[in-house]
There are 2 protein chains.
Amino acid sequence: MTLTLNSPLDMHLHVRDNDMLKTVVHLSTYSFAGAIIMPNLVPPITTIKALKAYKQRILSSTCKDDFEPLMTLFFKSDYDYEFLKEAKKYISAIKLYPSGVTTNSLDGVSSMDVEKLRGTLEAMSELEIPLLVHGETSGFVMDREKEFCSIYEQFAINFPNLKIVMEHITTAQSVALLDRYENLYATITLHHLLITLDDVIGGMLKPHLFCKPIAKRVEDKEELLRVALSAYPKVMFGSDSAPHPKDKKECCGCAAGVFTAPIVLQVLTQLFEKYDKLENLQAFVSDNAQKIYNFKPLNKKVTLEKKEFIVPNSYGSVVPMFAGEKLLWSIKGVL
Amino acid sequence: MTLTLNSPLDMHLHVRDNDMLKTVVHLSTYSFAGAIIMPNLVPPITTIKALKAYKQRILSSTCKDDFEPLMTLFFKSDYDYEFLKEAKKYISAIKLYPSGVTTNSLDGVSSMDVEKLRGTLEAMSELEIPLLVHGETSGFVMDREKEFCSIYEQFAINFPNLKIVMEHITTAQSVALLDRYENLYATITLHHLLITLDDVIGGMLKPHLFCKPIAKRVEDKEELLRVALSAYPKVMFGSDSAPHPKDKKECCGCAAGVFTAPIVLQVLTQLFEKYDKLENLQAFVSDNAQKIYNFKPLNKKVTLEKKEFIVPNSYGSVVPMFAGEKLLWSIKGVL
């Protein structure tokens, strides 16, 4: 049994830089025709020059020419119209981080006051540059995304022509916003379709499942599954695959992020098959994103076979989700 | 500045066995006149013979004769009256674990149905043996203790003469039960007076703060602080200090437990001083427990000095809470 996907896309990906980039990027290129590349390097990507150089480093770290890094800038509230007009030639979106909420986000925005961000957001709106948001407050860890919903609403109301993507949503409250605001969209990760907080801290503590936003309750996971599996047009797949070396995960202060790049497509196929929704996978991993971002990806076919795949224990220094476990599907041509 | 405590007691302590016992037990003997010793070894302590032998191993692991291990049995629903009558000579309490809720608890009770436990609990009630309970259901990790409250209520109502200690409580709901049922008491750990879930998973993931029950919300912590600091007579200090080797904490599946034994008394003093409640520390760390358990501990004075103490990075293979940090108080005579 095989399944062929047309131009699958990962709409939220961390490939980092230098050696880590070389370790991980090819693991996305065998599954995807393109990926939205997160800009939270150290320092973050805030200039066109840095962006072009980073794109070049990504391309030269892979021998494949059928994978397009879809570049993003790190949001700053002092980007002006002229800068953004020029930047638009090279970027797919701009990513906004509240300061300090996740890995390498200290240079993010310290106030979510709409008026302080209005100049940049209006220019983005006019130039049709999507805004991607890590939507968490600095509140209690289980409430951060829920508390951010009112900020999403302020953004959606104040900038009705701005496409706003709520990145890696984890709660039923965020899903509910999708129906209420035409200009709100969302990415959903693989791991948030699979785990709850119980998987992270309910038994033994599992650092490789520790991520931001943290996985929530079963009723949240069920809402994410509902919209992902039903080809609901406002949600896209975005892995948020975030590689950290093993010694930064298994230590006294573990970094946030689940590394899923090498196995996302296989596990998504397994998941959609389990719920008898394989026919909706194409929408979730590509078609919805093409419509939301209004773009045509590289033409690429990726074929999955129903053939066992044993997940390696690590890729270089990075431990993937499902390390050492057996998956039911493989990507054709990938050992 | 010094503070002298009379016979401080740790009413919930894990000292494990063999090499680990030798590593950790003396760290409790310099702070305490006695400690309630948890019975969840592998296999658990369920016979008088095993209990006596374990007590002997504890005593011979320390050169001090001013520390009394207060022994407990691991609750089994088939303990009969005659056995318990004999056991009472050697034990201070019996500890009940729901099966699977924490470290080495698989042999615990699989049903909390009062009728199934009635025989043993009635015998304990008649013999005046306190029941200590790890009160968590197998539900969602943040709800487990809250869900257990109705079981505590069933126990309290059905066995009005049984002293029931809710061990290591972490929620405002458990605190509220204390006022409602005369025969309910509680221990509170140091770490649950200091941390919330945010400290464990809100920034970097902190495996050395991972414990069961997991730390909860700030409003829960405030309720625990309120009763601990006010000399509320139904709560006692119990560290739940739980040593695991570093490689079982900083790994892909980290064991639950915070190791606080070497620093609990110093940090408690610092905490009570911070809230200007030093006069209530004696009640929290000894007097309340003596009244609740109706016993006289060994006569021992422990003096704390307001003198810096740098917490070692590890004791043997075990990393303590506050490793490498500076505390404001020291125990006199302990370097």
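# A tour of a predicted two-chain model

Start with chain A: among its contacts between residues at least 6 apart in sequence, 70% join residues at least 24 apart. Bear in mind throughout that this is a predicted model.

**Chain A as a whole.** Colour chain A by secondary structure; twelve helices and 13 strands should appear. The radius of gyration of chain A is 18 Å, close to the 20 Å that the globule rule gives for 335 residues, so the chain is as compact as a globular protein of that length. Along the principal axes, the C-alpha atoms of chain A fill a box of roughly 55 × 40 × 40 Å. If you colour by burial instead, 50% of the 335 residues of chain A count as buried.

**The nonpolar core.** Next, select Ile94(A), Ile164(A), Ile94(B) and Ile164(B). In the largest nonpolar core, which has 198 residues, these four touch the most other members. Now keep Ile94(A) alone and show its surroundings. Which residues is Ile94(A) in contact with, leaving aside its neighbours within four places in sequence? They are Thr72(A), Leu73(A) and Phe75(A), then Met124(A), Ile129(A), Leu131(A) and Leu132(A).

**Helix 1 of chain B.** Move to residues 18-29 of chain B, which form helix 1. At 1.5 Å a residue, these twelve residues should span 16 Å, and the end C-alpha atoms are 17 Å apart, which agrees. Show the side chains of Leu21(B), Val24(B), Val25(B), Leu27(B), Ser28(B) and Thr29(B), which are buried in this helix. An α-helix has 3.6 residues a turn, so residues three or four places apart point the same way. To see what lies against the buried residues of helix 1, add strand 2 (9-13), strand 3 (34-37) and helix 2 (48-60) of chain B; the buried residues pack against these elements.

**The two copies.** Display both chains and superpose them. A turn of 180 degrees, with a shift of 0.0 Å along the axis, lays chain B on chain A with an RMSD of 0.0 Å. The two copies are thus related as by a two-fold rotation axis. To locate that axis from chain B, select Glu250(B): of the residues of chain B, its C-alpha comes closest to the rotation axis, at 2.5 Å. The same surface serves both copies, as 100% of the contact residues of chain B recur in chain A.

**The contact between chains.** Finally, select the residues where the chains touch. Chain B gives 21 residues to the contact and chain A gives 21 residues. Coloured by class, the side of chain B that touches chain A shows 14 nonpolar, three polar and four charged residues.

Definitions and conventions
Residues numbered from 1 in each chain as written. Chains lettered and ligands numbered in written order. Predicted model: local features only at pLDDT ≥ 70, side-chain atom pairs only at ≥ 80, totals over all residues. Core = buried A, V, L, I, M, F, W, Y, C linked by C-beta atoms within 7 Å. Buried ≥ 20, exposed ≤ 12 C-beta atoms within 10 Å, placed from the backbone. Contact = placed C-beta atoms within 7 Å. Least-squares fit on C-alpha atoms with pLDDT ≥ 70 in both. Helix = DSSP H or I, 4+ residues; strand = E, 2+ residues; numbered from the N terminus. Rg over C-alpha atoms; globule rule 2.2 N^0.38 Å. Expected span 1.5 Å × (residues − 1). Nonpolar A, V, L, I, M, F, W, Y, C, P; charged D, E, K, R; others polar.
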